Number of protein chains: 2
Amino acid sequence: MTTFVTMDKLINYLLEFGQLNQQQIDMVKRKAQVLELKKGDYFSEAGKIPKQVAFIEEGIFRVCYYNSKGDEITKYFVDENNFAVDINSFNQKIPSSEYVQAVTDCTLFVFSTESLNDLSATIIQWDGIINKITEKALVEKVNKLSPMLAEDATTRYLSFLEKFPNLANRIPLSYLASYLGITQSSLSRIRKSI
Amino acid sequence: MTTFVTMDKLINYLLEFGQLNQQQIDMVKRKAQVLELKKGDYFSEAGKIPKQVAFIEEGIFRVCYYNSKGDEITKYFVDENNFAVDINSFNQKIPSSEYVQAVTDCTLFVFSTESLNDLSATIIQWDGIINKITEKALVEKVNKLSPMLAEDATTRYLSFLEKFPNLANRIPLSYLASYLGITQSSLSRIRKSI
DNA sequence: TTCATTATTTGCCAAATGGCAAATGTTTTT
DNA sequence: AAAAACATTTGCCATTTGGCAAATAATGAA
């Protein structure tokens, strides 16, 4: 028996970026695959060429890498209602420099390169939609990365809480600490002091 | 008398992203305007909607903002052979949150919104080319922002030297320090210790 | 060349953050 | 419910970086 899954979130998201008729929507639904990841599972890994793009229907991803000291550093988080992939590696077919990991159990809709090609070949507006989504994702990535330097740790933490109020209590302290550029113990002390 | 300017760098740059015939190239040249900026001049300012896109033929820009303490912080640098603009603000017609300033005297080719619209309406490949350039610029912006946290100041400085070997000696210490997330005096000490 | 301006370095000490290990708290498994 | 595994907090002290002001050095203008 096939589990019934509504892909409403995905479809609504796409429709923000362009029109699709019912037939096209049905094709998108056929090309998307449901994927469930458990907390801690990797969606893609550094050194490998990403083969799929994920739309996060439910859950949180983090994108991370290892710094020169060997510490695992979180670059940023991506949560539900967003696409996630190392866009540059995916497009250029070059190995990614980052890991994409499920921070919580996740429900995803994934598209393979081939599915995307099929969609691109069949749906005339597809490339335009994808371009807009790509640009939006990159702009958001920039916004998640930039405000972090040039403020002290407490300010960075507070502005994280402000910008992502619904993330802080769903992710482990250690991930957040490395995103903020401080140690877990420092973050713990900062939280205490507030 | 009209100053003769070759726009070869610009045209070659565009041709990396798509084909253009001679007639199209001529149109691009007609739509581009030469702009000279002196060291310290602003190309665009926070709070204003960017009206132009610049291709840097010669010189260095920096993109900066004021942090919560009122310090002027350099987010990243852009040098010759690149387009510069706050892409998101430009596209969405919303006020920018950053300043774009000439760090050295600069020679630019600028396109107004109207020129870009004309090019888009006339040259069938134009949007595709612009999309690729936009994506590349955003990916580079991400790459300039991200490796900065999670390393100590010395490592950040060294990796800056490695990634941008021809920038360090062309920009004031204070700009570089704020990009690296440290004070000018700290950077001075780091340089001494190397 | 000389003066004025701007940029960089340095000394001294304070503040912020890190490192490590132990203690405490929470969640998951059996 | 108990045990095991994992996450967070805390103490103590070391290290890094900052703040400020003065000293040099470099650059540009007259």
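Here is a walk through this predicted model, starting with its two protein chains and ending at the DNA.

Let's begin with how chains A and B sit relative to each other. Turn chain A by 180 degrees, with a shift of 0.0 Å along the axis, and it can be laid on chain B with an RMSD of 0.0 Å. That is the relation of a two-fold axis. If you want to find the axis from within chain A, look for V142(A): its C-alpha is the nearest one, 2.8 Å away. The two chains also share their way of meeting. Of the interface residues of chain A, 100% are interface residues in chain B too, so the copies meet through the same surface.

Now zoom in on chain A alone. Its domain assignment gives domain 1, covering 8–146, and domain 2, covering 149–194. Their C-alpha centres are 25 Å apart. Where the two domains touch, domain 1 of chain A puts in eleven residues and domain 2 of chain A puts in six. On the domain 1 side, β4 and β5 of chain A each supply at least two of those residues, and β5(A) has the largest share, with six. By class, that side of domain 1 has five nonpolar, two polar and four charged residues.

Those two strands belong to a sheet, so what does the sheet look like? In chain A, four strands make an open sheet with antiparallel pairing, in the order β2-β7-β4-β5. Because β2 (42–44) and β5 (72–79) of chain A are at the edges and each have a single partner strand, one side of each is left without a neighbour in the sheet. From one strand to the next, the twist averages 30 degrees. Strand β4(A), residues 60–66, runs antiparallel to β5(A), and seven bridges join the two. To pick out one pairing, follow F61(A) across to its bridge partner in β5(A), V78(A). Helix α7(A), residues 173–180, packs on this sheet and touches β4 and β5 of chain A. The helix direction makes about 100 degrees with that of β5(A).

Finally, head over to DNA strand C. Which residues come nearest to it? Of the 16 around it, they are A153(A) and S186(A) from chain A, plus L173(B), S185(B) and S188(B) from chain B. The elements giving two or more residues to this surface are α6 (153–163) and α8 (184–192) of chain A, along with α7 (173–180) and α8 (184–192) of chain B. The biggest giver is α8(B), with six residues. Sorted by class, the surface near DNA strand C has eight polar, four nonpolar and four charged residues.

Conventions
Residues are numbered from 1 along each chain as its sequence is written. Chains are lettered from A and ligands numbered from 1 in the order in which they are written. This is a predicted model: local features need pLDDT of at least 70, side-chain atom pairs count only at pLDDT 80 or more; totals for chains, interfaces and linings use all residues. Copies are superposed by least squares on the C-alpha atoms of residues with pLDDT of at least 70 in both. Two residues are in contact if their C-beta atoms, placed from the backbone, lie within 7 Å. A residue is near a molecule or strand if its C-beta atom, placed from the backbone, lies within 6 Å of it. Ala, Val, Leu, Ile, Met, Phe, Trp, Tyr, Cys and Pro count as nonpolar, Asp, Glu, Lys and Arg as charged, and the others, Gly among them, as polar. Two strands pair if DSSP finds at least two bridges between them. Axes are lines fitted to C-alpha atoms, for helices over the stretch in contact, and angles run from 0 to 180 degrees between N-to-C directions. Domain bounds come from an automatic or database domain assignment.
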